[in-house]
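User: I'd like to go through this entry by asking what lies behind each label. Could we start once the picture is up?

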2 protein chains.
Amino acid sequence: MIRESNSTPEKKRRLLDATVRLMLRQGFAATTVDQICTEAGVTKGSFFHYFTGKEQIAQAAIEVWSDGWLDLLARSGLERIPDPLDRLKRLLQLLEETYPHPETEIGCMIGTVAQEVGPSNRTLGDLCERHLDGWAQGVSKVLAEAKAAHPPRVDFDPDRVADLMLAIVQGTLLVARTRQGRSVIDNNLRHCREYVLSLFGDPTDPVSATR
Amino acid sequence: MIRESNSTPEKKRRLLDATVRLMLRQGFAATTVDQICTEAGVTKGSFFHYFTGKEQIAQAAIEVWSDGWLDLLARSGLERIPDPLDRLKRLLQLLEETYPHPETEIGCMIGTVAQEVGPSNRTLGDLCERHLDGWAQGVSKVLAEAKAAHPPRVDFDPDRVADLMLAIVQGTLLVARTRQGRSVIDNNLRHCREYVLSLFGDPTDPVSATR
DNA sequence: AAAGGCATACCGAACGGTAGGTATGTTTGC
DNA sequence: GCAAACATACCTACCGTTCGGTATGCCTTT
């Protein structure tokens, strides 16, 4: 078998991908390591060769998931957009393109795991918290730059608005998962975009929400 | 032992309360029926006398949780407020009073279970969906009545705005659970209120969000 | 009113399956 | 030949569920 000598071995990758897929669907507790192995087409020996246990692979899978988001941001060329307000608009557009994507399972792995473990299991909980906060801080930064470059119609705290956006995204995914439909994603993210942009002088209708 | 002949027996009640408390904290899978019995101070025999299994008590507990919310609405006297816009304002205020309450565990049992079971276990999933939809429909009704009585500044679809509010509440509770802090609840629900009221002509600052 | 019958409330030991983890062996790459 | 990379069988703890049993009170029959 051909094996890439550099970077992570293939089976490890497959285990991580399978974990992301399964835990995104079923959460942490309901996902069994046997399931992960079967899904990845790998034996338990390999599993415990690469990971010390279920919790650790969950942590690693969260990193994989997070990297996926960062890659998406990088590939979008967001950083290269010169005007901060355009950057914000592109970010909002990116959300609307990404989350309702019909090929992928609805949901955010970090939000799913975070909700599930809640106050118990602070190992996973803290990790999720750090990643959620990282997301919010990234958004906050874009908001702050846009605010600095374009005096907004009303003053706002970028951190607080970013927190609201985080909650909207997570709550929307939760509802969409439960309803098994994506229409609420389209609706809520559009509202979200129009709300955020309404902070910046745009005097046009902030909600063209009927039909 | 004195036993109330009418209504639900005490031990059944205790089991349900314990289930709500534990599943609100830990979700469905992580909550054991032994835990439930211990927390309720009841033996396993009683448990399986009143409930056919873990899933069924979860369903019943969801009803208990939902009834708690309906009771709160009833006790608030929301229905007796004559002016629809005042009723909407009171509803928004009610959200801001209820969810950050420091004595209770952060979270919504329905959202927690819904997120966890996701696409698997449609028995619980459908039940959660019905209750989430019920919440949204209730909110939508208040929005629609307010809109009918007071022509809004901008047109909006009550169902869609209610869906956004549902997502904000659920997402906010998720984030607050993860952060183990309630400040994000205060922040997001205030934003939510100001946003909704901004739909009705209020020309004042829709976000007094800085500090 | 006493006796018998029967349903409800409750108890807790035991069981059966499962899932996470381990021990140990075998192959593969350098 | 020696690690790393796998594979297989197995162990054990736990968890949901079952099941045989007791206690208690009400209802019916005589």
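User: Which helix gives the most to the surface near DNA strand D, and with how many residues?

Analyst: That is α3(A), with four residues. Before going on, a word on the entry: this is a predicted model, where local features need pLDDT of at least 70, side-chain atom pairs count only at pLDDT 80 or more, and totals for chains, interfaces and linings use all residues. Residues are numbered from 1 along each chain as its sequence is written, while chains are lettered from A and ligands numbered from 1 in the order in which they are written.

User: What makes a residue "near" DNA strand D, and how many residues surround the strand?

Analyst: The C-beta atom, placed from the backbone, has to lie within 6 Å of the strand. On that rule 16 residues surround DNA strand D, and the closest are Thr43(A), Gly45(A), Thr32(B), Phe48(B) and Gly53(B). At least two residues each come from α3 (44–50) of chain A and from α2 (33–40) and α3 (44–50) of chain B. The surface near DNA strand D divides into four nonpolar, seven polar and five charged residues; nonpolar means Ala, Val, Leu, Ile, Met, Phe, Trp, Tyr, Cys and Pro, charged means Asp, Glu, Lys and Arg, and the others, Gly among them, are polar.

User: And which residues are closest to DNA strand C?

Analyst: Here 20 residues surround the strand, with Thr32(A), Val33(A), Gly53(A), Gly45(B) and His49(B) the closest. The elements that give two or more residues are α2 (33–40) and α3 of chain A and α3 of chain B. The most comes from α3(B), with five residues. By class, the surface near DNA strand C has six nonpolar, eight polar and six charged residues.

User: How do you know how many helices and strands chain A has?

Analyst: They are DSSP runs, H or I over at least four residues for a helix and E over at least two for a strand, numbered from the N terminus. Chain A has nine helices and zero strands on that count. Its C-alpha trace spans about 60 × 40 × 30 Å along the principal axes.

User: What puts a residue of chain A in contact with chain B, and how many such residues are there?

Analyst: Two residues are in contact if their C-beta atoms, placed from the backbone, lie within 7 Å. By that test, 51 residues of chain A meet 51 residues of chain B. On the chain A side, α8(A) gives the most, with 16 residues. That side divides into 22 nonpolar, 18 polar and 11 charged residues.

User: Why are α7(A) and α8(A) called oblique?

Analyst: They pack at an angle of about 130 degrees, with their axes 8 Å apart. Axes are lines fitted to C-alpha atoms, for helices over the stretch in contact, and angles run from 0 to 180 degrees between N-to-C directions. Under 35 degrees would be roughly parallel, over 145 roughly antiparallel, 65 to 115 roughly perpendicular, and the rest is oblique. The pair α7(A) and α8(A) is therefore oblique. The contact of α7(A) with α8(A) has 11 nonpolar, one polar and three charged residues.

User: What makes α6(B) and α7(B) oblique, and which hand is their crossing?

Analyst: Their angle is about 140 degrees, with the axes 9 Å apart, so they too are oblique to each other. The crossing of α6(B) past α7(B) is left-handed, a term for a near helix turned anticlockwise from the far one by less than a right angle, with clockwise giving right-handed. By class, this contact has seven nonpolar, two polar and no charged residues.

User: Why is Gln180(A) called partly exposed?

Analyst: Buried needs 20 or more other C-beta atoms within 10 Å, exposed 12 or fewer, and partly exposed is in between, with C-beta atoms placed from the backbone. Gln180(A) has 13 such neighbours, so it counts as partly exposed. Gln180(A) sits in the loop between α8 and α9 of chain A, and its phi is near 55 degrees, a positive value in a residue other than glycine.

User: And what makes Asn121(B) partly exposed?

Analyst: Asn121(B) has 19 other C-beta atoms within 10 Å, so it is partly exposed. Asn121(B) lies in the loop between α6 and α7 of chain B and has a positive phi of about 50 degrees although it is not a glycine.
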